[in-house]
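Got your viewer ready? Load the model, switch on the cartoon, and keep the selection box handy.

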Amino acid sequence: MFSQLILNSIIAGAIYTLVALGFNLIYGATKFFNLTHGVLAAVGGYSVFFFSKTLGWNIYFAVVLGIVFAGLIGYGLDKFVYLPLRRKKASNMILLVASLGAMTAIQAIIAILFTSQFRTLPLNTGTQRIYEIFGGVITETQLVILVVGIIIMATLALILKYSMFGKAIKAISDDEEVARIVGINTDKIIGYVFFIGSAIAGLAGILIGFDIGIQPTMGLGLLLKGVIASIIGGIGNVYGGVIGAFLLGFVENFGIWKISGEWKDAIAFVLLIIFLIFRPRGIMNKQ
Amino acid sequence: MEYLIHLAILFAIYAILGISLNLVVGYTGLLSITQAAFYGIGAYTTALLLTQVGVNFFLSIILGIIIAAIISFFIGLVLNKFSGDYYALGSFGFNVIVFSILLNWRGLTRGALGIAGIPKPEIFGIHFSSNFTFLIIALLSLGIVYIVARFIVHSSFGRVLKAIREDEKAIQVFGYNTLYYKLAIFVISAGMAAISGSLFASYITYVDPSTFTLIESVFILAVIILGGLANLEGSILGALFLVLLPEILRFVGLPFDTAAQMRQIIYGVIIILLMLYRPKGLLGEYKL
């Protein structure tokens with residue numbers, strides 16, 4: 001039981017990491033809570049469902065398309081909603097409310113196109129290999145989630161640290177106005193940030209689809225977990241998001257040791273509120 | 001005719017919710033996205049008291065207000081620590097927690113099954129069992145809430161709230177303890193939302209947790225943003241618009257499930273368009 005809980009915590013942590021990475025990246029560059037982030041996971045999952053099950057295309061091709069499609073939706077939202085709002089110098093609350101509207105609408109569009117039913121993605125479901133580690137059980141898909149999570153994390157960290165693009169993002173995070181003055185095309189960079197962040201969210205949705213299944217409303221739960229992980233880790237801090245995600249995974253899974261699993265969401269929010277009261281800047285952020 | 005009465009009752013319920021939320025978001029400038037939680041608390045209080053204990057409907061409204069006020073007092077205490085978008089996020093969280101309690105405390109709320117067979121109001125031997133008589137109660141409640149809210153926003157208390165919205169630091173300098181004011185208006189607002197919940201429970205005769213999700217809070221927010229922040233008549237207008245608008249879809253002949261989703265799309269798109277082109281809403285006096 002104990003080792004199973006640890007494994008479950010790590011897997012949950014890896015999924016939350018993927019959501020928090022993109023969320024933090026976008027928050028860092030734009031400083032607003034992008035509530036559409038979670039629903040893009042559903043966009044990714046349903047794209048794969050559409051391409052692979054409805055059209056019958058190759059599953060790996062469908063996964064790539066799903067990731068790109070989620071990224072494009074995120075990019076489009078920035079171009080047509082958030083960028084015009086930023087140009088008008090709208091407050092963060094306006095951006096937050098606009099993203100709330102976009103979230104509601106996209107979730108409903110998915111539900112109309114694919115019904116609200118629970119769906120599974122095809123990938124050797126049922127015939128999955130299962131590994132045993134210290135008496136705990138982990139499926140092949142979950143192992144893939146873990147590996148992909150680590151790869152994305154490492155790649156993103158390298159890009160942010162060493163590439164020009166990463167440095168530009170850092171400059172925008174520090175001060176968008178100054179970044180623009182020194183010649184960084186901030187609108188373009190932020191557009192890319194939306195694409196990358198949303199694509200990672202789409203990937204998270206796809207992986208969850210393979211592990212558990214997909215539902216139009218899956219995005220909200222994921223968003224909340226991603227936001228909580230980001231805040232307790234240190235908002236806007238990509239590494240903090242990772243730490244927050246794993247902390248959340250552990251607290252959630254050990255929290256339901258003695259009670260029913262349906263309390264997970266409530267436990268996650270209690271953790272958030274405790275952090276907001278006692279350490280609102282999160283684990284990693286200074287000052 | 002029955003159909004129009006049905007819409008009018010829904011309008012009254014949402015107008016009350018809108019007015020209550022506007023006091024917090026519009027007048028005090030606190031972006032709260034948890035109104036559906038208090039709506040739900042009112043609904044469940046009435047549902048449980050009427051079916052399990054058998055108290056009078058009107059008494060259950062008052063008890064609903066009291067319970068919502070007590071719970072909102074503690075939620076407000078926590079939320080008072082935040083401002084701006086963190087406030088929105090924290091309130092978001094409380095909506096999820098309340099929803100998850102309604103869904104998972106099966107011993108009390110029967111979970112996802114919900115509570116059925118909630119009786120219609122009656123007092124002094126008068127039964128309000130027809131929809132028309134119920135409409136009278138709903139409109140009366142709306143009237144009372146409106147008058148109370150109007151009194152609040154025009155009082156000196158209301159002026160302090162607006163001052164908090166404009167510049168909290170400045171009003172603190174004048175010696176006002178803004179935390180008390182913010183807490184007070186949050187509790188009042190929750191009590192008003194609970195009235196809506198009681199009306200809803202008795203009118204539909206059935207409650208289940210799915211009515212009181214975050215999406216419902218978003219809808220109430222859409223009502224006040226469309227109508228206009230810091231304008232009570234605006235909230236009434238917003239409720240009228242957003243209750244009637246999706247009904248057009250019914251005449252297009254969409255299946256029930258699709259119509260419900262179409263409603264969400266409309267609300268979502270309206271919110272985005274308002275934020276882009278008219279963040280003050282129709283009659284608003286304040287923008288986020």
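Here is a walk through the model, stop by stop.

**Before you click.** This is a predicted model, where local features need pLDDT of at least 70 and side-chain atom pairs count only at pLDDT 80 or more, while totals for chains, interfaces and linings use all residues. Residues are numbered from 1 along each chain as its sequence is written, and chains are lettered from A and ligands numbered from 1 in the order in which they are written.

**Stop 1: chain A as a whole.** Select chain A and colour by secondary structure: there are 11 helices and two strands. Helices and strands here are DSSP runs numbered from the N terminus (H or I of at least four residues for helices, E of at least two for strands). Trace the chain along the sequence and you read α-α-α-α-β-β-α-α-α-α-α-α-α. The C-alpha trace spans about 55 × 50 × 35 Å along its principal axes. The radius of gyration of chain A is 19 Å, in agreement with the value near 19 Å for a compact globule of 287 residues; the radius is taken over C-alpha atoms, and the globule rule is 2.2 Å times the number of residues to the power 0.38.

Buried residues make up 53% of chain A. Buried means 20 or more other C-beta atoms within 10 Å of the residue's own, exposed means 12 or fewer, and partly exposed lies in between, with C-beta atoms placed from the backbone.

**Stop 2: α4 of chain A.** Now pick residues 92–114 of chain A. Put a distance between the end C-alpha atoms of α4(A) and you get 33 Å, which agrees with the 33 Å its 23 residues should span at 1.5 Å a residue; the expected span is 1.5 Å times one less than the number of residues. Of those 23 residues, 18 are buried. Step on to A:T115, just after α4(A), and find a positive phi, near 60 degrees.

**Stop 3: α1 against α10 in chain A.** Select residues 2–30 and 238–255 of chain A. The axes of α1(A) and α10(A) are 7 Å apart, at an angle of about 145 degrees. Axes are lines fitted to C-alpha atoms, for helices over the stretch in contact, with angles from 0 to 180 degrees between N-to-C directions. Among the residues making the contact are A:G13 and A:Y16 of α1(A), with A:A245 and A:G249 of α10(A). By class, this contact has 14 nonpolar, nine polar and one charged residue.

**Stop 4: where the chains meet.** Show both chains. 34 residues of chain B are in contact with 34 residues of chain A, contact meaning C-beta atoms, placed from the backbone, within 7 Å. On the chain B side, α4 (84–104), α10 (214–227) and α12 (256–277) each supply at least two residues, and α4(B) gives the most, with 13.

**Stop 5: B:A88.** Which helix of chain B holds B:A88? B:A88 is in α4. B:A88 counts as buried because 27 other C-beta atoms lie within 10 Å. Leaving aside neighbours within four places in sequence, B:A88 contacts A:M93, A:L96, B:L31 and B:I33. Add B:S32 too: B:S32 and B:A88 are 56 residues apart in sequence but 5.3 Å apart in space, C-alpha to C-alpha.

**Last stop: α3 against α9 in chain B.** Select residues 57–79 and 178–204 of chain B. The axes of α3(B) and α9(B) come within 7 Å and cross at roughly 140 degrees. Residues to show as sticks include B:G64 and B:A68 in α3(B), and B:A190 and B:A194 in α9(B).

Methods:
Two residues are in contact if their C-beta atoms, placed from the backbone, lie within 7 Å. Ala, Val, Leu, Ile, Met, Phe, Trp, Tyr, Cys and Pro count as nonpolar, Asp, Glu, Lys and Arg as charged, and the others, Gly among them, as polar.
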